[in-house]
Amino acid sequence: MQDNGSPSHPCEEQAMVSNQEAHYDDVAKEYNKAWFYEDGTDYQQWLVRSLQTRLQAAPDSRVVDMGGGTGNFSAAFYRECELEEPVLCVDPSRALLAQAQRHVSEVEPLLADGLSFVGMTAYNQAYDRILFKEVVHHFPRDELGVVFAGTFQQLRPGGRLVVMTRPHDSTHYPFFHAAHQTWKAVQQDETIYAQELRTAGFDVSVDHADYTVTMPLSRWLSMVESRFWSTLHGFSDAEMAEGLKEIKARFLRDSQSASSTTHREQGDHKGEALRCEERNDPPISFPDRLVFITGLKA
């Protein structure tokens, strides 16, 4: 376990400050409260097993979690796979990595940006499995080839890489219109990542999976307001307030319409207070649509 306060790894001195890093420093305190990043949930367990199915890590595998942040997922993956060595959790955010320190035997935190890390030739053929979970969209298009080529060199023969990302189209997520436009501008199509991996030398396969997310509308609004995804980081407070109004108006309208239909079909068996609560804070459901791109170093 490395001391997050005093760099002991060559990459640490090269970690660069960026808008993405500033975003994660801003949200670090509340990050693990967002539904997608809570520790010990059914969703986390489903995601760990989904990724292990594709990574196929063995107990003696050396695993890297690129952009691993707080280390919660790295630690969960360590436990699921019964790994013998801690997962190397690489992230450029000091605020997030500070939280990873609590996973003492399961996670080795490393302060470094991805481009610096994959460029360290001293670590060529040092790892068996590398995970890019919800991070690849942070790399500019012209850096992808460099990142994946460096990753190819760092993996041992027979090594595997999995990129877990989300689609270019975000309309299935309950955002406001401007957020959808921003998402489309920063989220590359999966075919771009797959092609860059093939160019780097990987044998590539692509598949998809959905997980149905359900939560009260109020919780979703709170998450969006906290800008839990970096897509939301650039919106001002005024723009965010308008966006939240847009989301709430749309989903309250849809919920009231669905509720009216249900009561007409089933009869009115609920008290007015409960119906009022449902109208003001209805549950919302939507698919978390994930893309898994697996690269094999044959």
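Q: Buried means under 20% relative accessible area, exposed over 50%, and partly exposed in between (1.4 Å probe, protein chains only); are Phe-117 and Tyr-127 buried or exposed?
A: The model is predicted: local features need pLDDT of at least 70 and side-chain atom pairs count only at pLDDT 80 or more, whereas totals for chains, interfaces and linings use all residues. Residues are numbered from 1 along each chain as its sequence is written, and side-chain values use heavy atoms, with hydrogens and water left out. Under the 20% limit, Phe-117 and Tyr-127 both count as buried.

Q: Is the aromatic pair of Phe-117 and Tyr-127 stacked, edge-to-face or tilted?
A: Rings of Phe, Tyr and Trp (its six-membered ring) pair if their centres lie within 6.5 Å; planes under 30 degrees apart count as stacked, over 60 as edge-to-face and the rest as tilted. The structure holds 26 such pairs. For Phe-117 and Tyr-127 the centres are 6.0 Å apart and the planes make 40 degrees, so the pair is classed as tilted.

Q: How many residues apart in sequence are the parts that Phe-117 and Tyr-127 tie together?
A: Helices (H or I, at least four residues) and strands (E, at least two) are DSSP runs, numbered from the N terminus. Phe-117 belongs to helix H5 (residues 114-118) and Tyr-127 to strand E4 (residues 127-133). The pair therefore ties together parts whose separation in sequence, in residues, is 10.

Q: Which residues have the most contacts inside the largest nonpolar core?
A: A nonpolar core is a set of buried Ala, Val, Leu, Ile, Met, Phe, Trp, Tyr and Cys residues joined through side-chain atoms within 4.5 Å. The largest one has 48 residues. Elements giving two or more residues to this core include helix H2 (42-55), strand E6 (203-216), helix H9 (217-225) and helix H10 (237-266). Those with the most contacts inside the core are Phe-36, Trp-220, Val-224, Phe-228 and Leu-232.

Q: How many residues of strand E2 are buried?
A: Strand E2 covers residues 87-91. Val-87, Cys-89 and Asp-91 point one way from E2, while Leu-88 and Val-90 point the other way, and all are buried. In a regular strand the side chains alternate between the two faces of the sheet. The strand is mostly covered, and the buried count out of its five residues is five.

Q: Which residue stands opposite Val-87?
A: Two strands pair if DSSP finds at least two bridges between them. On one side, strand E1 (residues 63-66) runs parallel to E2 over three bridges, with Met-66 opposite Val-90. E2 also pairs in the parallel sense with strand E3 (residues 107-111), over five bridges. In that pairing, the residue opposite Val-87 is Val-107.

Q: Which handedness does the β-α-β unit of E1, H3 and E2 have?
A: A crossover is right-handed if, with the strands pointing away from the viewer, the path from the first strand over the helix to the second runs clockwise. The unit made by E1, H3 and E2 meets this description. The crossover from E2 through helix H4 (residues 94-100) to E3 shares the handedness. The β-α-β unit of E1, H3 and E2 is right-handed.

Q: What is the distance from the charged end of Arg-54 to the centre of the ring of Phe-292?
A: A charge sits over a ring if NZ of Lys or CZ of Arg is within 6 Å of the ring centre and within 35 degrees of the ring normal. Lys-133 places its charged end over Phe-73, 4.8 Å from the ring centre. For Arg-54 over Phe-292 the value is 3.9 Å.

Q: How far apart in sequence are the parts tied together by Arg-219 and Glu-38?
A: A salt bridge is a side-chain nitrogen of Lys or Arg within 4 Å of a carboxyl oxygen of Asp or Glu, and the structure holds 13 of them. The side chains of Arg-219 and Glu-38 form one of these at 2.7 Å, N to O. Arg-219 lies in helix H9 and Glu-38 in the loop between helix H1 (19-27) and H2, so the parts are separated by 181 residues.

Q: Which residues are linked in a network of salt bridges with Glu-134?
A: Glu-134 and Arg-166 form a salt bridge whose closest N and O atoms are 2.6 Å apart. Glu-134 is in the loop between E4 and helix H6 (141-154) and Arg-166 in the loop between E5 and H7, 32 residues apart. Both residues are buried. The network links Glu-134 with Lys-133, Arg-166 and Asp-288.
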